[in-house]
Amino acid sequence: MNSMTKTLYIVRHGQTDLNKRGIIQGRGMDTDLNDEGRRQAQLFFEAYKNTAFDKIYISALKRTQQSIQLFIDMGIPYEKLPGLDELGWGIHEGQPSTPENKVDFMQIMRDWTAGNLDSKFEGGESPNEVKARQLEALEVIMSHPEEKTVLICMHGRALRLLLCILTNRPLTEMDMFPHQNLVLYKVEYDGEKYEIVEFNNAQHFKTA
């Protein structure tokens, strides 16, 4: 019987200019944090710098590394896993919001919640495709029993899908996991199952 336990601190990256402007980034847009994103990263660091992280996992996109760079600077080992990248939105990445593509997005969200999880935009990825690569990333993360406390920085839509996987929910329920930039989901693994012990925690932004 595997008695491995692990605590996962899972955060979404900090704000980028495209986030601020309401433009979809997805897997294909490798953007930088903006000033607000860097402020969020600093506040998150101040709140959690005394947590004894054994390892950090980030996506292959630089906005995740920039969000937790202050922890990396402390000497905590880190690893990039492309499996943690954002869902690819294909032709809609980097496009300004228009009435037309709003309709497209509404439609694909309806597809997904209706269970059409292979549905995707041209050039993009479906939730099922993202799940497949997330399971590979998760296998890497969970293959290190010596890493008891792990910090994972990833992306909004991908984060929702991962939380469904961890809590054994169908991907159709992805929208039950709200998130903002650099918000925390703390997840405990007891050797058998995952439990979310902190849900969408933004306490680190409530400065005195």
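This is a dialogue between a student and a teacher about reading a predicted model.

Reader: Before we start, what kind of model is this, and how are the residues numbered?

Author: It's a predicted model, where local features need pLDDT of at least 70, side-chain atom pairs count only at pLDDT 80 or more, and totals for chains, interfaces and linings use all residues. Residues are numbered from 1 along each chain as its sequence is written, and side-chain values use heavy atoms, with hydrogens and water left out.

Reader: Okay, strands. Which way do the side chains of strand E4 point?

Author: General idea: in a regular strand the side chains alternate between the two faces of the sheet. Two terms before the case. Strands (E, at least two residues) and helices (H or I, at least four) are DSSP runs, numbered from the N terminus. Buried means under 20% relative accessible area, exposed means over 50%, and partly exposed is in between, with a 1.4 Å probe and protein chains only. Now E4, residues 149-154: Thr149, Leu151 and Cys153 point one way, while Val150, Ile152 and Met154 point the other way. Six of its six residues are buried.

Reader: Which strands pair with E4?

Author: Two strands pair if DSSP finds at least two bridges between them. Strand E1 (residues 6-12) runs parallel to E4, joined by six bridges, and isoleucine 10 sits opposite isoleucine 152. Strand E2 (residues 55-58) also pairs with E4 in the parallel sense, over four bridges; there, isoleucine 58 has cysteine 153 as its bridge partner.

Reader: What about strands E5 and E6: do they run parallel or antiparallel?

Author: Antiparallel, with five bridges between them. Glutamate 188 has glutamate 195 in E6 as its bridge partner. Their hairpin has four residues between the strands, and glycine 191 in it takes a positive phi near 105°.

Reader: Now a helix. How far apart should the ends of H4 be?

Author: The expected span of a helix is 1.5 Å times one less than its number of residues. H4 (residues 99-113) has 15 residues, so it should span 21 Å, and its end C-alpha atoms are indeed 21 Å apart.

Reader: Which residues of H4 are buried, and which on the other side are exposed?

Author: Asn101, Phe105, Ile108, Met109, Asp111 and Trp112 are buried. Looking down the axis, these buried residues fall within an arc of 155° (taken from the directions from the helix axis to the C-beta atoms), so they line one face of the helix. On the other side, Pro99, Glu100, Lys102 and Val103 are exposed.

Reader: What do the buried residues of H4 pack against?

Author: Helix H5 (127-142) and helix H6 (156-166). Contact here means heavy atoms within 4.5 Å. As for H6, eleven of its eleven residues are buried, and what covers them includes E1, H4, H5, E4, strand E5 (184-189) and strand E6 (194-201).

Reader: Which residues that aren't glycine have a positive phi?

Author: Most residues other than glycine have a negative phi. Two cases to look at here are asparagine 168, with a phi of about 60°, and asparagine 200, with a phi of about 55°. Asparagine 168 is in the loop between H6 and E5, and counts as exposed because its relative accessibility is 73%. Asparagine 200 lies in strand E6 and is buried, with a relative accessible area of 18%.

Reader: Last one: how much space lies in the largest pocket?

Author: Rolling a probe the size of a water molecule over the atoms shows where empty space is left. On a 1 Å grid over the protein atoms alone, a pocket is an open set of points where a 1.4 Å probe fits, with protein on both sides within 12 Å along at least five of seven lines; lining residues have an atom within 4 Å of a point. Grid points are joined across faces, edges and corners, and the volume is the space filled by probe spheres set on the points. The largest pocket holds about 480 Å³. It is lined by 25 residues, and the closest to its centre are Arg12, Ile23, Ile24, Gln25 and Trp89. H4 gives the most to that lining, with four residues.

Reader: Where is glutamine 25 found?

Author: In the loop between H1 and helix H2 (35-48). Glutamine 25 is buried, with a relative accessible area of 6%. Leaving aside neighbours within four places in sequence, its contacts include His13, Arg63 and Glu93.
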